[in-house]
Amino acid sequence: MFRRRRSAEDFAEEIRSHLELEADELKREGLGENEAQRKARLEFGSVRAAQERFYLRDRWVWLDKLLRDLRFGLRSMRQSPVFALTAIGMLALGVGANTAVFSVMNAVLLRSLPVADPQRVVNLRTSRAPDRVDRINDGDMFSYPVYEALREQKDALSEVIAVGMLSADKVNVRVGGEPEEAEADMVSGNFFSGLGVKLARGRGFTAKDESDHAQVMVISYKYWTRRFMRDPGVVGKTIYVKGVPFAVIGVAAEGFEGTDPGQSLDFWIPLQGRGEFNVLGRPAKDGSAMYLADSKWWCLRLMGRLAPGVSREQAIARLQKVFQTAAYVGLGGPMKGERLPVLSFVDAKNFPGYEEQAGSPLQVLMVMVSLVLLIAVTNVVMLLMARNATRQREFSLRLALGARRGELLRQLLVESALLVTAGGLLAWGFAEVATRVLGRWAQIESSLAPDGVVLGVTLGVLALVAVLFGVLPFRVAIAGGAEMALKTQSSTSNAHAGRTRFGRIAVALQMALCVVLLVSGGLLARTLWNLEKIPLGMQTDGLVVFGLNPQKVHTEAELVQFYQELQRRLRVLPGVESVTVMQNRVGSLWSNNSNVMVDGKNPDLGKRQPTIVRNNDVGPDFFHTLGVPVLLGREFIDADTATSPKVAVVNELFVQTFLQKQDPLGHRMNDMVIVGVVKNHKYANVNEDPMPMAWEDYAQMKAEGAMNVEMRVRGDALAMLPMVQKIVAQIDPDLPLIKPMLQRAQFEETISQQILFARLGEFFGLLAVALVATGLYGTLAYRVNMRTAEIGLRMAVGAKREQVVWMILKDSLLLTAVGIAVGIPLAMLAGRSLASVLYGVKPLDWVSYALAVAGMVVVALAASAIPARRAASVNPLVALHTD
Amino acid sequence: MATQEDNRIALLQGTLDLLILKTLALGPCHGQGVARLIQRQSEEVFFVDHGSLYVALQRLEDKRWIRAEWGVSENNRKARFYTLTAKGREQLIEKTSEWRRLSRAMGLVLDGNKGPQETEA
């Protein structure tokens, strides 16, 4: 195999020698010189053929042919650049959109956490938290005593990993001199070892780090890259977190950015015991970290690794009792009639929780882009078929000249591969950009970069498309057969009725899919419209909000003083109408939820209604600043202080739920007197249902370190921020404004996912319309072209122009009717699966359907206008003379 | 391309290959000599298509059943001489018994049909 190849010349030489030898022999047998040579050559047969066969024996011939086909394909693409560009463009759009959406879906729904043996890692969930406890979220938060109890059960979960958020969004850190913000979690000592996350540098945490509350930190690869330019000397550096020094001991492996949904963390520290490191930055009352000591504060997220050989069901069975006991540590057992919380596991995906939240919309989106791809691919196939139909003579001639069908097919496949490769490359670039945009819209910070799976699926789709593009037009191309080369009339050679049947079916199918996309797009657009119209119950115009996390204040009194001083200074700024503070920023998805006592009793609402009340700690002037009407009594004032009687404000629903028809003022909620009732309004997000709510005065509560400041200003609200920063710097020069933004934008963030889906839905709908219009136009134009002679004849025998135009329009309207008839039931199916993301609009919204149908008809008429005009302007004499 | 066609070619190739091997078993020879010998041995019943012969020779050389080198013929012509290799001899023995039965059967049939005009299409 590796021998030097024998040259063609050497072979030719051998044949020459054969002819000489043969001639010699024939001469010996008595023939004349010339006669002998002639006969030798005659007997040998075709020398050229033998040489060719020698050459063909060469195993590189296929490459040779491939190159020839490639050259030919490129040449023919150059000859019809419009066709090539249209096909490549459509393909790139279709495949690119698919790759982008699939990338996101892959990252959100399919990809596991980048940990060792991810199938054995689970997120712990509980059906509910016990009554009487505070929790960040219901369902995925646990108390420290639960963590302690579960990790003892090594026969169920070999590792139980605890994760506590240091802050609702970012914490203050200092690397050099300047204050910065970073995102971080506080984790158990087995975080890296238990999850099986490797360290790119240094070491991870140990159990001792956790029990000592060691001041060490592991930074993420991304943070290492972004902040330290991958400086290998980072290990050993000191980073101040909330003013406390931490030594960097390691860098986590690339790609691991935390266990929270869509988050990208900068660093991790072991569970801390100091007051300022309480979960979510909640200050502790008396020095000890509340989350460690307080069994009524469900604030830790728990993950586990199943013990070897133990199934999920077995592990749950072994843990359930332990969990239910631990859940009531410090509560003195469950209340009478209280349903016990039930422990369960869910897969530890990259995006825990996103599955429920974004799963079905993403799947719908995936279906939508697939439909777009299908339309795009059909378009290209139709284009190819139309083009190859005009190339029929070329193919017939080649068949007539002895080309084999296989060779023609190979050439078509090569041409298709060229198109698909160009389209695929373009699509990949398009997908990269689109993925980034999608990620930003969906507020997913962690990497969505297409991985091997995405690449594989994309290549698979492209390969399938390439074969399709080669094989389908092949039938058309060779339909003429070799004998067609002999025919000369273009009209006769093209009047092949069956050929256009495929085109018609394809166009009708496209229209059906387009109806589905238009209806879905319409439903989503109306959802967006509805969401944007939802009354928030407050005046967001002119409201600007920012967060602060003061580090230099240590007691509650100092904190209150800090915020009072700040408010005092901000209120006097020109253009500022009012200023207030709040613990949870409204519209940020965060809320406090707790059970309350009304008039000293646990309210009895019957079993079906939970007695949970949403609450927030706010400052004076809160409702006035937000523009929420106070219906009864008063709101918080500066005179409400730590020493004055504790007061609360509640909303209408609170009154309806707990006090029914009584006069709410003067009743007690926990240890507070209700002094005011306000109108229901939105708290955590735009589309929440109203909930009973209560507000406490922050000065009378365990004051929080981090607070948000809300200002109502005249004119450009954001323009006020530099001035605000200056005022803040006067009080504390090291204090950054956290996420300063318009209150309206903050609320919009909570519906960003719906906005994203709606925009994408509209985009895909429009894309589909554009593609379908192109396809329909192409098909009709092609058919009119083919029928020029027929139309000429019709007109020659007396058909009027209107009749000709109607003939063409009738054709496309018929296709539209079929498309709509098939599309509507499909759209109804699609609408049903969209139901979960729709807001204020039913899946069977007649407006969306009517608009889609009207849109289809308009598109059909627009696409047929030019071909119809061309048909009408056919000059019968010219048409009949063409052939 | 029909597979039937492939089979037929393979069969005929085999026939020609075996004839070449058998001829070369008598001693080194050049292509023209092989063609002549086959024709003579088969009592002129076989007509060897020379193009096919040289392609077959090349194929056998590629398989290393035969070896080739340029030399000078008895009448002082430059010629490429083929020699059977050890591997080729093994193949010859192996294939001969296998083919003997078949060629006998073929012979019976072909005898009844005046014999083939060509060994290969």
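**From a loop in chain A to the interface with chain B**

In chain A, D599(A) lies in the loop that runs between β17 (592-595) and β18 (612-618). The model is a predicted one, and this loop residue offers a way into its backbone. Although D599(A) is not a glycine, its phi is positive, at about 50°. Most residues other than glycine have a negative phi. The relative accessibility of D599(A) is 34%, which means that this residue counts as partly exposed, since the partly exposed class lies between 20% and 50%.

A second backbone feature of this kind is found at K242(A), a residue other than glycine whose phi is positive and near 50°. K242(A) sits in the loop between β9 (238-241) and β10 (244-252) of chain A. With a relative accessibility of 9%, K242(A) counts as buried, because the limit for that class is under 20%.

These two loops belong to a chain with 27 helices and 25 strands. Chain A comprises 883 residues, of which 53% are buried. The surface that chain A exposes amounts to about 39,100 Å², and 59% of that area is supplied by carbon and sulfur atoms. Among the contacts of chain A with a separation of 6 or more, 81% are between residues 24 or more positions apart.

Individual residues illustrate such contacts. N98(A) is part of helix α5 (residues 81-110) of chain A, and its relative accessibility of 10% places N98(A) among the buried residues. Apart from its neighbours within four places in sequence, N98(A) is in contact with M366(A), V369(A), S370(A) and L373(A). Elsewhere, S833(A) belongs to helix α25 (residues 801-834) of chain A and is partly exposed, with a relative accessible area of 40%. S833(A) and Q363(A) are separated by 470 residues in sequence, yet their C-alpha atoms are 9.1 Å apart in space.

Charged side chains also join separate parts of chain A. One salt bridge pairs R410(A) with D69(A) at 2.9 Å, N to O. This pair links distant parts of the chain, as R410(A) is in helix α14 (residues 405-441) and D69(A) is in helix α4 (residues 61-79), 341 residues apart. The two partners fall into separate accessibility classes: R410(A), at 24% relative accessibility, counts as partly exposed, whereas D69(A) is buried, with a relative accessible area of 4%.

Another salt bridge, of 3.4 Å from N to O, brings together the side chains of R301(A) and D140(A). Distant parts of the chain are again linked, for R301(A) is in strand β13 (residues 300-306) and D140(A) is in the loop between β2 (134-135) and α6 (144-150), 161 residues apart. R301(A) is buried at a relative accessible area of 15%, and D140(A) is buried at 12%.

Salt bridges with shared partners also form a network that joins E22(A), E25(A), R28(A), E29(A), R36(B) and R40(B). Its members come from both chains, and the network thus leads to the interface. There, 24 residues of chain A are in contact with 26 residues of chain B. Between them the two chains bury about 2,400 Å², of which 46% is on carbon and sulfur atoms.

How many salt bridges lie between chain A and chain B? The count is 9, while a search of the whole structure finds 34 over all chains. Across the interface, 12 residue pairs are in polar contact, both residues being at pLDDT 80 or more. On the side of chain A that touches chain B, the elements giving two or more residues are α1 (8-28), α2 (33-44) and α3 (47-56). Of these, α1(A) gives the most, with 13 residues. By class, this side of chain A has 15 charged, 7 nonpolar and 2 polar residues.

E25(A) shows these interactions in detail. Its place is in helix α1 of chain A, and E25(A) is buried, with a relative accessible area of 14%. Leaving out residues up to four places away in sequence, E25(A) touches Q32(B), R36(B) and R40(B). With Q32(B), the side chain of E25(A) makes a polar contact of 3.2 Å. With R40(B), the side chain of E25(A) forms a salt bridge of 3.5 Å, N to O. A salt bridge of 3.5 Å, N to O, also connects E25(A) to R36(B). This pair crosses between chains, from helix α1 of chain A to helix α2 (residues 31-41) of chain B. R36(B) has a relative accessibility of 14% and therefore counts as buried.

Key:
Residues numbered from 1 in each chain as written. Chains lettered and ligands numbered in written order. Predicted model: local features only at pLDDT ≥ 70, side-chain atom pairs only at ≥ 80, totals over all residues. Heavy atoms only, no water. Contact = heavy atoms within 4.5 Å. Buried area = accessible area lost by both parts, 1.4 Å probe. Salt bridge = Lys/Arg side-chain N within 4 Å of Asp/Glu carboxyl O. Polar contact = N/O pair within 3.5 Å; in protein donor to acceptor, adjacent residues only side chain to side chain. Helix = DSSP H or I, 4+ residues; strand = E, 2+ residues; numbered from the N terminus. Nonpolar A, V, L, I, M, F, W, Y, C, P; charged D, E, K, R; others polar. Buried < 20%, exposed > 50% of the residue type's maximum accessible area, 1.4 Å probe, protein only. Areas by Shrake-Rupley, 256 points an atom, 1.4 Å probe, with all protein chains shown as cover.
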